[in-house]
Amino acid sequence: MTHETVRAEDFCGTRPVVRNVLAAFDADATRRWFASMGVTLKREETGKLFPTTDRAQTVLDALLRRCDVLGVRVLTSHRVHDVTPVEHRVCDERVSRAGSPPGARSDVGAPRWRIRHAHGTLVARAVVLATGGRSLPRTGSDGAGFAIAERLGHRVTATVPALVPFVLESAFHRELSGVSHPVELETFVDGRLADRRTGSLLWTHFGVSGPVVLDASRHWTMARHAGRAAEVHCSVFPGERLDAIERRLLAASGARPRASLARVLAETLPERVAAALARAAGVDPTTRLAELSRPARRTLARHLGGLVLPVARDRGWNHAEVTAGGVPLDEIDYRTMASRKQAGLYLVGEMLDCDGRIGGFNFQWAWASGYAAGVAAARALADDPMPPAH
């Protein structure tokens, strides 16, 4: 649902804008808001906050109940095809309004927007675009919102899958499927270090996943989309440089010359990982440490401390948890999420060029930006003072 501690540094986006949006509705506000709907949250060891029921349905049910109490109409199967400005006042036109039956007379002021959907048209004085990005298109977030924003004068930066697993070219990872362990990943773009992070990596039948891979993925996908060279290097000894790893092997050789390479490495690494990396370096895992030549030791150190993962591609939109890219943050007013291109239009969540790391951060961006837009839209229509976050 969110994370115990949320900072602008947890996001890729214009930091001052992100910081101000998050400050207006922080993680504590999210907890209070859901508590008011009967949803209590619990903290996991990592700082992630989940509903105490461990059921997503709990959250959905609470939101729908609140909509029902407030008289909010949720129109399902009304796929929106376009949103266009209304050029003139509509006073007597018989239209279908959100919250009014078809054919009701317009009596609440001048609509600014005409929304064309699968079953006709409705008009509105304010529109919040909350369509999501392109990730998980089976849920409806297939990028259609970006096309609407572009037609309304907004730019959309390149959009690529983020928080997405990698598919590897070589087959050695298949024998490691299901094994998870801490690593350090470095992403190089055009030969220069673009990102470095430490976390848990999960080997899978198709390649690699896990929190550290998902967090690093946007740097690789962005670079490849731009036609730039990108590599991901993996160290199974986080924080240690290659010379330190070689000294580690040399010290072990002096202390236990008759011990096999596999046995010594398995004291630090999962046994299957130790054996697979040794073989990838061209070294028999059963080799005694005293028999390991200096060139072989150096090659092994490079594989342990900087294995180049043979990334063939990311796993695609169907497996991406978030979209990197979108409408630039400088095209919205961060205090209200209002468009700087169109009056009465608001953009929130994954529509915007802001994406967070894994752990509830993208949900917090959704709650915070959605709160700001909802309050601002209501205030603009009713001229009520902005209520406190709760």
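Colleague: Let's start with one residue. Where is Glu246 found?

Modeller: In this predicted model, Glu246 sits in helix α6, which covers residues 242-255.

Colleague: And why does Glu246 count as buried?

Modeller: The label buried applies under 20% relative accessible area. Glu246 has 18% relative accessibility, so it counts as buried. Leaving out residues up to four places away in sequence, Glu246 touches Arg297, Arg298 and Ala301.

Colleague: What makes Ala320 buried?

Modeller: The cut-off of 20% applies here as well, and Ala320 has 0% relative accessibility, so it counts as buried. Ala320 is found in the loop between β17 (311-314) and β18 (322-324). Not counting residues up to four places away in sequence, Ala320 touches Ser135, Leu136, Pro161, Ala162, Leu163 and Val164.

Colleague: How far apart are Ala320 and Val283 in sequence and in space?

Modeller: They are 37 residues apart in sequence, and their C-alpha atoms are 36 Å apart.

Colleague: Now to charges. What makes Arg155 and Asp330 a salt bridge?

Modeller: The N and O atoms have to be within 4 Å. In Arg155 and Asp330 the closest N and O atoms are 3.8 Å apart, and the pair forms a salt bridge. Arg155 lies in the loop between α4 (144-151) and β10 (160-162), while Asp330 lies in the loop between β18 and β19 (332-333), so the pair ties together parts that are 175 residues apart in sequence.

Colleague: Why is Arg155 called partly exposed, and why does Asp330 count as exposed?

Modeller: Exposed means over 50%, and partly exposed lies between 20% and 50%. Arg155 has a relative accessible area of 46%, so it is partly exposed. Asp330 has 54% relative accessibility, so it counts as exposed.

Colleague: How many salt bridges does the structure hold?

Modeller: There are 21 salt bridges in the structure. Another one joins the side chains of Glu175 and Arg279, at 2.6 Å from N to O. Glu175 lies in the loop between β11 (166-168) and β12 and Arg279 in helix α8, so this pair ties together parts that are 104 residues apart in sequence. Glu175 is partly exposed because its relative accessible area is 36%, and Arg279 is partly exposed because its value is 44%.

Colleague: How do you know which residues are linked in a network of salt bridges?

Modeller: One pair to begin with is Arg196 and Glu186, whose closest N and O atoms are 2.7 Å apart, against the limit of 4 Å. Arg196 lies in strand β13 and Glu186 in strand β12, so the pair ties together parts that are ten residues apart in sequence. The network links Glu184, Glu186, Arg196 and Arg241.

Colleague: Why is Glu186 buried?

Modeller: Glu186 has a relative accessible area of 11%, so it is buried. Its partner Arg196 has 45% relative accessibility, so Arg196 counts as partly exposed.

Colleague: What makes β12 mostly covered?

Modeller: Eight of the ten residues of β12 are buried.

Colleague: Which way do β12 and β13 run, and how many bridges join them?

Modeller: β12 and β13 run antiparallel and are joined by ten bridges. For two strands to pair, at least two bridges are needed. In this pairing Val189 stands opposite Arg192 in β13. The hairpin of β12 and β13 has two residues between the strands, and Asp190 there takes a positive phi near 50°. β12 is also joined to β15 (residues 230-235) by six bridges, again running antiparallel. There, Leu185 has Cys234 as its bridge partner.

Colleague: What do the buried residues of α8 pack against?

Modeller: They pack against β12 (180-189), β13 (192-203), α7 (261-265), α9 (294-306) and β16 (307-309). The buried residues in α8 (residues 271-280) are Val273, Ala274, Ala275, Ala276, Leu277 and Ala278.

Colleague: One last one: which residues touch the most other members of the largest nonpolar core?

Modeller: Of its 49 residues, those are Val18, Val127, Leu129, Met337, Leu347, Leu352 and Trp365. Helix α10 (residues 361-382) gives the largest share of this core, ten residues. A second, separate core has 45 residues, including Leu176 and Val213.

Note on methods
Residues numbered from 1 in each chain as written. Predicted model: local features only at pLDDT ≥ 70, side-chain atom pairs only at ≥ 80, totals over all residues. Heavy atoms only, no water. Core = buried A, V, L, I, M, F, W, Y, C linked by side-chain atoms within 4.5 Å. Buried < 20%, exposed > 50% of the residue type's maximum accessible area, 1.4 Å probe, protein only. Helix = DSSP H or I, 4+ residues; strand = E, 2+ residues; numbered from the N terminus. Contact = heavy atoms within 4.5 Å.
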